[in-house]
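Open the model in your viewer and keep the sequence panel handy. We'll go from stop to stop, selecting a few residues each time.

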Amino acid sequence: MGLHRFLAVFGLISAAALAVSGCAPVTMIDPPQLELGPPSAPSVTNIKVENGGGEVLYNGPRPADGRIEANPTPQQLDGTLKITRTYSDGSVKEQTLAFDAGKPVKIEHSDATGEYYIDKSNPPATPKFYVGLRPSYEFRSRSGTGIIRLEDGVNILGLIKGDNDSSNPSFKGDMGFMLNNSFLGLGQKWGLELSGSYYNAKSSTNIDTVSNPGRLAFFGPVTGGGVSVGAADFTNVRYVSNYWSWQVEPRLRKSYTVGSLYGKPLMMNSYVGFQYGEDEDDEDLDFESPGIPLRVSSRVMLDNSYYGPEFGFYDSWEYCPGLHFTAGAFAKLNVNNLTAKRSLSVTDGANISGEDSLKDTTVTMGGGLNLGLNYKFAPNLTARVGYEYEYADNTPYLDQDQTHGGVSLKTQSSDIHRIFIGARLKFQ
């Protein structure tokens, strides 16, 4: 091939290639974007607080809410506080503050200057008052009350019991104050509280007909402890228990730090107090037996006026700013002054009636536990939700002998389950 022919063929092939490439789609790739913001400020990893003599009053991580609470003695408050902050980048910042020696001190942080200062507008010795409400829905389980025997001579064939379980709203409220001031060896952050609660419920048993295979007997304050009648059916059996309880509790409270959990402070809140209250249960029973004919009306009024010491605690752990998990327990010792009044009216051609009263005193021990969540919506407003179980061993009841009708006045245990919500408002 001659040179001129080679150049001509090469030119044609090049032109064709350029034409084809001009029809092919072309994809453009954007260059990657790069954004560089300002560097984040180092965070405080540790705070150490010393007095003028070099005694360490606090040395640990910065709490989530930024507030450190310590309970130094008046001698340790010598008028000088040295605050050392260690940051995440390894830098250290020191600051020294002066205050009146021997007196409680409150230190605040200024975001504008980045420095601490002595807050004299609301000193620790000023009481901080609060009020709280904690309504709940309560499930209270009490043992059923024996009301009627089915018998054949001295052999008991069965026993009808009245239902005493109940579930109703209940109310609880408290008011008090906390004070950051040493008093009678209590250290700082202590206070007084007055708490009160109320619960009322009705439970009932309704039976249209009780078929009787033998003799029928029911209890009451008459000779023999009750009345026994011939074989017949009972109709329109109506048993109602109207129960209510209330109590008041003055308490001495104490709050302090017991350590940390996953780097976050664990607060202990404990109390010791005295409770006074009353449980009352009015039981009404009515039924009839048209085949005899028979009509019965019975009423029992049980009352327990109790008092005694109590103590309890709950731990509070801040999972994240404003949100606290709580868990606690409590115990109560009760002196129970029990009274009962009974009345019975029987109409079966001849009228039988009677009434009596009983008294007794017992000592019981109860307690329980609770779990909850607290959330601080604002510096002075905290909402609460949780669950509480109480073993109440001071519920009054009549211990009825099933063979001869003898009766004694005692206390029995009740299981109480509460699901509660509430709020607490502080006044600075």
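What percentage of the 428 residues in the protein chain do buried residues make up? Buried residues account for 38% of them, where buried means under 20% relative accessible area, exposed means over 50%, and partly exposed is in between (1.4 Å probe, protein chains only).

Some ground rules before you click. This is a predicted model, with local features needing pLDDT of at least 70 and side-chain atom pairs counting only at pLDDT 80 or more, while totals for chains, interfaces and linings use all residues. Residues are numbered from 1 along each chain as its sequence is written, and side-chain values use heavy atoms, with hydrogens and water left out.

**The whole chain**

Show the cartoon. The protein chain has one helix and 21 strands; these are DSSP runs numbered from the N terminus, with helices being H or I of at least four residues and strands being E of at least two. Now think about contacts, meaning heavy atoms within 4.5 Å. Of the contacts in the protein chain between residues at least 6 apart in sequence, 66% join residues at least 24 apart.

**Stop 1: an open sheet**

Select 44-51, which is strand S1, then add 56-60 for strand S2 and 92-98 for strand S4. You're looking at part of an open sheet of four strands in the order S2-S1-S3-S4, with antiparallel pairing. S2 and S4 are the edge strands, each pairing on one side only. Two strands count as paired if DSSP finds at least two bridges between them. Neighbouring strands here are turned by 15° against each other on average, direction ignored; the axes are lines fitted to C-alpha atoms, and angles run from 0 to 180 degrees between N-to-C directions. S1 and S2 pair over four bridges, and you can pick one out by selecting Val49 and its bridge partner in S2, Tyr58.

**Stop 2: S11, S12 and S15**

Select 190-210, strand S12. Strand S11 (166-179) pairs with S12 in the antiparallel sense over ten bridges; Phe171 and Tyr198 are bridge partners. Then add 234-261, strand S15, which is joined to S12 by 20 bridges and also runs antiparallel to it. Gly196 stands opposite Val248 there.

Stay on S12 and zoom in on Asn206. Is Asn206 buried or exposed? Asn206 is exposed, because its relative accessible area is 51%. Leaving out residues up to four places away in sequence, Asn206 touches Val237 and Arg238. Try a distance label to Tyr239: the two are 33 residues apart in sequence and 6.5 Å apart in space, C-alpha to C-alpha.

Next, click Asn236 in S15. Asn236 has a positive phi of about 55° although it is not a glycine. With a relative accessible area of 36%, Asn236 is partly exposed.

**Stop 3: a hairpin at S13 and S14**

Select 215-219, strand S13, where four of the five residues are buried. Add 226-229, strand S14, which runs antiparallel to S13 and is joined to it by four bridges. Ala217 stands opposite Ser228. The two strands form a hairpin with six residues between them, and Gly224 in the turn has a positive phi of about 90°.

**Stop 4: S16, S17 and S18**

Select 264-289 and 294-320, which are S16 and S17. These run antiparallel, with 24 bridges between them, and form a hairpin with four residues in between. Ser289 stands opposite Leu294.

Now add 323-347, strand S18. S17 and S18 pair antiparallel over 23 bridges, and Arg299 stands opposite Ser343. This hairpin has two residues between its strands, and Gly322 in the turn has a positive phi of about 90°.

In S18, click His324. Beyond residues up to four places away in sequence, the residues His324 touches include Trp317, Glu318 and Leu373. Its C-alpha is 9.9 Å from that of Leu266, 58 residues away along the chain.

**Last stop: the second largest pocket**

Select Thr145, Gly146, Glu283, Leu398 and Gln400: of the 25 residues lining the second largest pocket, these lie nearest its centre. On a 1 Å grid over the protein atoms alone, a pocket is an open set of points where a 1.4 Å probe fits, with protein on both sides within 12 Å along at least five of seven lines, and lining residues have an atom within 4 Å of a point. The volume is about 350 Å³, counted as the space filled by probe spheres set on the points. Strands supplying at least two lining residues each include S9 (145-152), S10 (155-162) and S20 (381-400). The lining divides into ten nonpolar, nine polar and six charged residues; Asp, Glu, Lys and Arg count as charged, Ala, Val, Leu, Ile, Met, Phe, Trp, Tyr, Cys and Pro as nonpolar, and the others, Gly among them, as polar.
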